[in-house]
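I opened this notebook to record what I looked up, starting with one pair of chains and then turning to a DNA strand.

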4 protein chains.
Amino acid sequence: MTKKDVAGATPPPRAKRLPRAVRERQILDAAVRVFSERGYHAASMDEVSDVAGISKPMIYAYLGSKEELFAACIQREATRLMEAIGGVVDVDLDPEEQLWRGVLAFFTFVGENRDSWQVLHRQAGTQGAPFAAELAEGRRRAVAMISALLDRAAGREGVGAFAEGRTEPLAAALTGAGEALAEWWLEHPEESPKAMARRLMNLSWMGFGNLVLGRAWSPEKSA
Amino acid sequence: MTKKDVAGATPPPRAKRLPRAVRERQILDAAVRVFSERGYHAASMDEVSDVAGISKPMIYAYLGSKEELFAACIQREATRLMEAIGGVVDVDLDPEEQLWRGVLAFFTFVGENRDSWQVLHRQAGTQGAPFAAELAEGRRRAVAMISALLDRAAGREGVGAFAEGRTEPLAAALTGAGEALAEWWLEHPEESPKAMARRLMNLSWMGFGNLVLGRAWSPEKSA
Amino acid sequence: MTKKDVAGATPPPRAKRLPRAVRERQILDAAVRVFSERGYHAASMDEVSDVAGISKPMIYAYLGSKEELFAACIQREATRLMEAIGGVVDVDLDPEEQLWRGVLAFFTFVGENRDSWQVLHRQAGTQGAPFAAELAEGRRRAVAMISALLDRAAGREGVGAFAEGRTEPLAAALTGAGEALAEWWLEHPEESPKAMARRLMNLSWMGFGNLVLGRAWSPEKSA
Amino acid sequence: MTKKDVAGATPPPRAKRLPRAVRERQILDAAVRVFSERGYHAASMDEVSDVAGISKPMIYAYLGSKEELFAACIQREATRLMEAIGGVVDVDLDPEEQLWRGVLAFFTFVGENRDSWQVLHRQAGTQGAPFAAELAEGRRRAVAMISALLDRAAGREGVGAFAEGRTEPLAAALTGAGEALAEWWLEHPEESPKAMARRLMNLSWMGFGNLVLGRAWSPEKSA
DNA sequence: GATGAATGAGTTTTCATTCAT
DNA sequence: GATGAATGAAAACTCATTCAT
């Protein structure tokens, strides 16, 4: 396992006496970078401290232990992601349109925040019990959003509850498909967020049943 | 981070002087358990050795370094999974039926081999370069299988390539959805493999577009 | 192999929070002691840490790996030895006188720095490639010094190059003889540095050919 | 530290049921190779066993512990060297001629038995107390031989004891010079044993005092 | 006689965490 | 408030040595 530097943005030039909030943000930024690059266990507090340009004792004073620091990262990034998606969804819109917007917002966010996404997707889920709380909370919010959307959609069509009364596992499955596509995207960076979003709509809205008949999904139909 | 034992099956009662093949299997069994429980980094060779009831030097002698041991786990479990699915798929069948059988075999395997699944799903993908080879190979086989299936299905309908010519990201998305459902399943163990498989078919074959109109997927239609 | 402590000088009374430079010196002192006593391989970082009265993490932080630590020892001690000899040699002097001074300085240093000498002589040459650089550099400087001296001597006598044009292997042989005498000295500590130096002059300046005829070397003649 | 194989002579093709004496020789041959290549500590019994083509339990049964095995190597090789030198020295000859023959025999042996020499010179002296016995014994024999030679020479000249009554440290110095030259030879393999021997005679018989005056030693004068 | 199987004990090295300044 | 100095604890890996077959 190579150990090339987590380089990039030069460490903020150790300005002294910054207000606590600023320091905390610097630390979290660095931590997300490092956790994303190395993974939770392989990341060292030393490297976080280096990248942040802030000494370790400060990190411990402000954000607590490594575990707490990681939890804070998850929480912040999950919130950012949820806000990005929540911002484009409008309850008054057509469910299909809403889903499209949400999915597009998701891929846009992932495209612009690789590190955040890596931490949320690859690290948070992998590190066992300690972070279950933060992760579960984030996932719960996401699933609830989609779930509600599906329920409203079904209601609007007069169909009532579908999917054996549980939209929630389907919502989970949708996020899983989204994560897998995002993963695939990493190795095919030439694709646009829109193309990726369309792929997910094809699977999730049309289903293979339609696809194999030549019926694909496109934003134009919905818009 | 708590450190409760990876207990359970009593360690094989230290039978002495067993042939190498047997020991290797015992070691791999233990390693899958421990990696699954703790994750790659947090797992210690000491614990693997304890759980296996075999001293560390033997582990190193037979399976090599921690990295190699992990790779061996991935390879073995991936092969088992692929065989479980490959065993029920029959190329002469209807694609829809094939997908259903494959998906059902998947959830059946996951239900019966939680640890294998955890290692493959949660750990293998997360640990960076060293295991890319093993993982990529496994994933490639899986995706190829689904991809081929979709291609054949489209061909049979006379539609030719669909999904912008790439079935592969869709296959990836399908596995992602499967993984997420398997994950959800862990917290809802009362569900049957069949119910889980039906959920995945609903999403992937029908799509939300149908579901919100009250049209769901069921094995009967297909069988 | 017995494992009696490398005791002796009481470990510096764990003064807390010393500046880095001081700690580094303490560590090197201890390392020279231990490497000298045990040999490179048999020496353990634990023992170095014990003798230095400094925890292992500090050693690694300041001096790097065992290999780097050993290299640092060689370098420091080689430099000290070279300085001890270089300090008494004066290019304007008679070559014979210069050699005498250098040889005397050598035995004086060895007498006062047994450990340094052990590390340089017994360990550095034995441990293969990794330390070739440090050692070769030291040896090169030593041999160059003697070699130059012989060349000047020959030049002064109008003889031009002698010894088949290569003084360098002879210089090496001289150091070898010096090392062997130093070794012998360890078991005959009652001898003075001066007596040892005279022995080496007898061999190297007079040669056995003279010695067997009763012609010996003495500092008076030269001075 | 690289770990390329100690290759070369193919391991004797595991013939079964060989007489003990043969096995012991095979083991010692392998051990000398490995100790020479790796050094005492870095050498592993596993590698000795591999190179010898004999299982470890046999090695322990025949030659005892690693320490004892090493001691046996030293003893055997030291004896071989002493016999090589002793074989050409003839007490009735001129001392100068004797020395020349002995020195030539020494370099001839070293040239033909690099491994033996490495073990004796580089390893034996370096590994601390345990092997002092074997080594000291060997050295004692060598020094005694030279010492006696010098004494006889002095006696023949009617000079009586010289060198402050101790020829023994001078003999030690001579061997040291020889070792250093042998070492230098490793990096200049184009030189012949004879050339090396002449170098040592120049230093030890003539001394620098003569050399700088243009008087060198040559076998012809002596023969 | 000969060996594959087995391990206790130790080695180097790293890391999260905390004082003392 | 901020940090260089310091460490206890653990992890990966190796080795000399010995049984049981």
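How many residue pairs are in polar contact across the interface of chain B and chain A? I found 2 such pairs, both at pLDDT 80 or more, where a polar contact is a pair of N or O atoms within 3.5 Å, and within protein one must be able to donate a hydrogen and the other to accept it, with residues adjacent in sequence counting only if both atoms are side-chain atoms. I noted that helix 8 of chain B gives the most to the side of chain B that touches chain A, with 11 residues, helices being DSSP runs (H or I, at least four residues) numbered from the N terminus.

The model is predicted, local features need pLDDT of at least 70 and side-chain atom pairs pLDDT 80 or more, while totals for chains, interfaces and linings use all residues. Residues are numbered from 1 along each chain as its sequence is written, chains are lettered from A and ligands numbered from 1 in the order in which they are written, and side-chain values use heavy atoms, without hydrogens and water.

Next I looked up DNA strand F and found 36 residues surrounding it, each with a heavy atom within 4 Å; among the closest are Arg17(B), Arg17(C) and Lys56(D). Sugar and phosphate make up 59% of the strand F atoms that come within 4 Å of the protein.

I then listed single distances: a side-chain N or O atom of Lys56(B) is 2.3 Å from a base nitrogen of DNA strand F, whereas a backbone N or O atom of Met45(B) lies 2.9 Å from a phosphate oxygen of the strand. For Tyr60(D), I noted 3.0 Å between a side-chain N or O atom and a phosphate oxygen of DNA strand F.

How values were computed:
Helices (H or I, at least four residues) and strands (E, at least two) are DSSP runs, numbered from the N terminus.
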